[in-house]
Amino acid sequence: MTEAQSTKSVAYSMEHESVYAVTAYNSQNENLPKREKSRNNDSYFTKVARGNPLGLPTGTHCQEYLAEWQCNTFQQDALQTKKSDEQQCLEMRNPHLMEFWPTLFEWPVFSHILKHGFAWLTFGGGISSTIFLFIMGGTESVKQAAPHIAPLLLFCLSIWLLLKTITRGSPKLKKDTRFFRRTGMVSIYRKGQDRLEIPFEEFEPTMTYRTGAAGSTGFMLQLTHRQSDIVISHINDYPEEYQVYLEWERLHQFMDISQPLPDRIVTEPARQFDPVTAEYDRKTGRPKHLWRDMSREELRERREAAKKAAKDFPWGKTRAQALASGWKPSEQRIDWKALEATRQET
């Protein structure tokens with residue numbers, strides 16, 4: 001990866017004091033609370049609920065955020081819009097200011113899940129069933145089945161269009177957990193009470209295991225409060241452990257004002273509005289629309305390389321230790337000559 005795309009620490013300067021609060025999280029602060037290795041007084045069930053500490057060194061070391069499951073060409077396509085960067089940021093709830101963890105038990109989240117489900121039934125189901133019928137019985141089979149399939153597809157399409165309309169814009173969430181970069185605070189929903197705000201530095205990342213109805217096992221990121229029994233769970237569970245580590249590292253970098261924002265596709269329009277990130281991009285020469293203007297072929301190559309690099313990363317070691325042990329970042333896993341040949345062919 002080029003210097004413009006790396007995530008080296010950015011020094012916190014005096015000019016930023018008017019933007020970031022004194023409570024903002026800074027991993028360079030020598031007075032940060034020490035990580036807990038165990039809580040011997042906890043009961044067995046409390047320890048299970050809290051999960052296992054990730055045990056990672058402070059800071060971000062793998063940095064392969066393109067390996068995230070949601071990073072894809074669809075996010076790249078979403079950047080191809082006539083909306084201004086300010087409008088895009090507003091619709092994403094200003095990702096340079098706040099990261100949030102939603103909960104399934106809230107209509108805006110559930111409606112988005114339904115929307116994607118009906119989109120799959122309408123387009124994926126309709127196309128796949130048509131292809132299947134054509135293979136099995138040819139055109140005549142498709143014609144015979146059309147009167148029965150068309151009403152169902154029309155119903156799914158209508159529901160999808162309705163959900164697409166009502167879920168436009170910023171989701172009006174109330175029960176989500178919010179992480180504020182400029183203040184370093186975590187805002188937690190409490191039913192019937194004001195939201196509780198706790199400094200990010202007081203939380204410890206842990207991982208717990210979830211078994212699905214079919215017997216599959218998933219790994220979930222949690223934040224456990226050192227001084228209380230508060231446990232915050234991420235909405236997603238992942239099939240592989242490295243995905244939990246990467247999710248934590250991304251959140252940590254987002255909250256750490258000694259570093260620029262994590263370099264992700266979906267939040268690219270917001271980078272210019274965070275002072276530390278804007279300064280970093282200016283010094284390193286990162287293009288303003290790096291991901292938006294990248295070819296789809298290169299994006300796919302980078303994403304596959306990032307997934308392999310994140311999976312191979314020796315979690316628990318620093319980046320320097322990982323490199324010394326032979327680990328290769330994604331930039332070194334891409335066949336640039338072959339990619340250039342593909343570009344010339346297209």
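# Exercises on a predicted model

E340 is partly exposed, with a relative accessible area of 33% (buried means under 20% relative accessible area, exposed over 50%, partly exposed in between, with a 1.4 Å probe and protein chains only). The model is predicted: local features need pLDDT of at least 70, side-chain atom pairs count only at pLDDT 80 or more, and totals for chains, interfaces and linings use all residues. Residues are numbered from 1 along each chain as its sequence is written, and side-chain values use heavy atoms, with hydrogens and water left out.

## Exercise 1. The surroundings of E340

Task: State which helix holds E340 and how far its C-alpha atom is from that of E297.

Solution. Step 1: E340 belongs to helix α9, residues 336-345 (helices are DSSP runs of H or I with at least four residues, strands are runs of E with at least two, and both are numbered from the N terminus). Step 2: E297 is 43 residues away from E340 along the chain, and their C-alpha atoms are separated by 9.8 Å.

## Exercise 2. The open sheet

Task: Give the strand order of the open sheet, then place T206 in it.

Solution. Step 1: The sheet has 4 strands in the order β1-β6-β7-β8, with antiparallel pairing (two strands pair if DSSP finds at least two bridges between them). Step 2: At the edges are β1 (52-53) and β8 (231-233), each of which pairs on one side only. Step 3: Count the bridges along the order: 2 between β1 and β6, 9 between β6 and β7, and 3 between β7 (residues 217-225) and β8. Step 4: For the register, P53 is opposite T206 in β6, R210 is opposite G218 in β7, and Q222 is opposite S233 in β8.

Step 5: T206 is part of strand β6, residues 203-211. Its relative accessibility is 2%, so T206 counts as buried. Leaving aside residues up to four places away in sequence, T206 touches R50, G51, N52, P53, L54, M220, L221, Q222 and T224 (a contact means heavy atoms within 4.5 Å).

## Exercise 3. Strand β4 and its partners

Task: Are the faces of β4 covered or open, and which residues stand opposite V186 and I188?

Solution. Step 1: Both faces of β4 (residues 185-188) are covered, since M185 and S187 on one side and V186 and I188 on the other are all buried. Step 2: β3 (residues 177-180) pairs with β4 in the antiparallel sense over 3 bridges, and F179 is opposite V186. Step 3: These two strands make a hairpin with 4 residues between them, and G184 in the turn has a positive phi of about 75 degrees. Step 4: β4 is also joined to β5 (residues 196-199) by 4 bridges, again antiparallel, and the partner of I188 there is L196.

## Exercise 4. Helix α5 and the salt bridges of E68

Task: Describe helix α5, then trace the salt bridges made by E68.

Solution. Step 1: α5 (residues 241-255) has 15 residues and spans 22 Å from its first C-alpha to its last, close to the expected 21 Å (the expected span is 1.5 Å times one less than the number of residues). Step 2: 14 of the 15 residues are buried, so α5 is largely enclosed by the rest of the structure.

Step 3: R250 forms a salt bridge with E68, with the closest N and O atoms 2.5 Å apart (a salt bridge is a side-chain nitrogen of Lys or Arg within 4 Å of a carboxyl oxygen of Asp or Glu). R250 is in α5 and E68 is in the loop between β1 and α2 (73-78), so the pair ties together parts that are 182 residues apart in sequence. Step 4: E68 also meets R264 in a salt bridge at 3.1 Å, N to O. This pair links distant parts of the chain, with R264 in the loop between α5 and α6 (275-284), 196 residues from E68. Step 5: Check burial: R250 and E68 are buried, and R264 is buried too.

Step 6: A further salt bridge joins D263 and R271 at 3.8 Å between the closest N and O atoms. Salt bridges that share partners join E68, E99, E247, R250 and R264 into one network.

## Exercise 5. The chain as a whole

Task: Give the number of helices and strands and the share of buried residues.

Solution. Step 1: The chain has 9 helices and 8 strands. Step 2: Of its 346 residues, 43% count as buried.
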